[in-house]
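Welcome, and thanks for taking a look at this one. Here is a short tour to read alongside the picture, going from the overall fold down to a few single residues.

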Amino acid sequence: QVQLVESGGGLVQPGGSLRLSCAASGSIFRFGAMVWYRQAPGKQRELVATVTSGGSTNYVDSVKGRFTISSHNAKNTVYLQMNSLKPEDTAVYYCNSITTKWDWGQGTQVTVSS
């Protein structure tokens, strides 16, 4: 069974920060690059940030300069540092490989509101 467990979400005021974690039950890059996705109410799931086993990263334009994706291979964990949060960042955040071959986890809720 290939499992992912997301954590670190919460309620934060605009301009605040959160650090999300994604812990895998096996080698984190076994299915390729890892991705943080998010899904806001009434919207489709969107790709937010990608990290490869070699450390290359990519971001959707709306989070560039504010979010940082990273990985700790020995811990089989991927992180998403989110700074300068905006209300439009409110969503459930999920991680998976770029090929979405992991079983989807429950995600972690991020709510940005004053």
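Let's begin with a loop residue: Ser84 sits in the loop between β8 and β9. Please keep in mind throughout that this is a predicted model. The chain around this serine is built from 10 strands and has zero helices.

**Overall fold**
- Reading from the N terminus, the elements run β-β-β-β-β-β-β-β-β-β.
- The radius of gyration is 13 Å, which agrees with the value near 13 Å that a compact globule of 114 residues would have.
- Taken along the principal axes, the box filled by the C-alpha atoms is roughly 40 × 25 × 25 Å.
- Of the contacts between residues at least 6 apart in sequence, 55% join residues at least 24 apart.

**Surface and charge**
- Buried residues account for 44% of the 114 residues in the chain.
- The chain has an accessible surface of about 5800 Å², and carbon and sulfur atoms hold 45% of that surface.
- The chain carries 10 positive and 6 negative charges, and the mean positions of these two sets lie 5 Å apart.

**The nonpolar core**
- If you would like a place to start inside the protein, the largest nonpolar core has 28 residues.
- Met34, Trp36, Leu80, Met82 and Tyr93 are the residues with the most contacts inside this core.
- At least two core residues come from each of β3 (18-24), β4 (34-39), β5 (46-51), β7 (67-72), β8 (77-82), β9 (91-97) and β10 (108-112).
- With four residues, β3 gives the largest share of this core.

**Two loop residues with positive phi**
- Some background helps here: most residues other than glycine have a negative phi.
- Ser84 has a phi near 50°, a positive value in a residue other than glycine.
- Ser84 counts as partly exposed because its relative accessibility is 40%.
- Asn76 also deserves a look, with a phi near 50°, again positive in a residue other than glycine.
- You will find Asn76 in the loop between β7 and β8.
- The relative accessibility of Asn76 is 22%, so Asn76 counts as partly exposed; the cut-off for buried is under 20%.

**Glu46, in a strand**
- Which strand holds Glu46? Glu46 belongs to β5.
- At 31% relative accessibility, Glu46 counts as partly exposed.
- Leaving aside residues up to four places away in sequence, Glu46 touches Trp36, Tyr37, Arg38 and Val60.
- One of these partners, Trp36, is 10 residues from Glu46 in sequence, and their C-alpha atoms are 8.7 Å apart.
- Trp36 also appears among the residues with the most contacts inside the largest nonpolar core.

**Ser113, after the last listed strand**
- Ser113 lies in the segment after β10.
- With a relative accessibility of 37%, Ser113 counts as partly exposed.
- Which residues does Ser113 touch, not counting those up to four places away in sequence? They are Leu11, Val12, Gln13 and Pro14.
- For a sense of distance, Ser113 and Gly42 are 71 residues apart in sequence and 18 Å apart in space, C-alpha to C-alpha.

Key:
Residues numbered from 1 in each chain as written. Predicted model: local features only at pLDDT ≥ 70, side-chain atom pairs only at ≥ 80, totals over all residues. Heavy atoms only, no water. Rg over C-alpha atoms; globule rule 2.2 N^0.38 Å. Buried < 20%, exposed > 50% of the residue type's maximum accessible area, 1.4 Å probe, protein only. Contact = heavy atoms within 4.5 Å. Areas by Shrake-Rupley, 256 points an atom, 1.4 Å probe, with all protein chains shown as cover. Lys, Arg positive; Asp, Glu negative; His and termini not counted. Charge placed at Lys NZ, Arg CZ, Asp CG, Glu CD. Core = buried A, V, L, I, M, F, W, Y, C linked by side-chain atoms within 4.5 Å.
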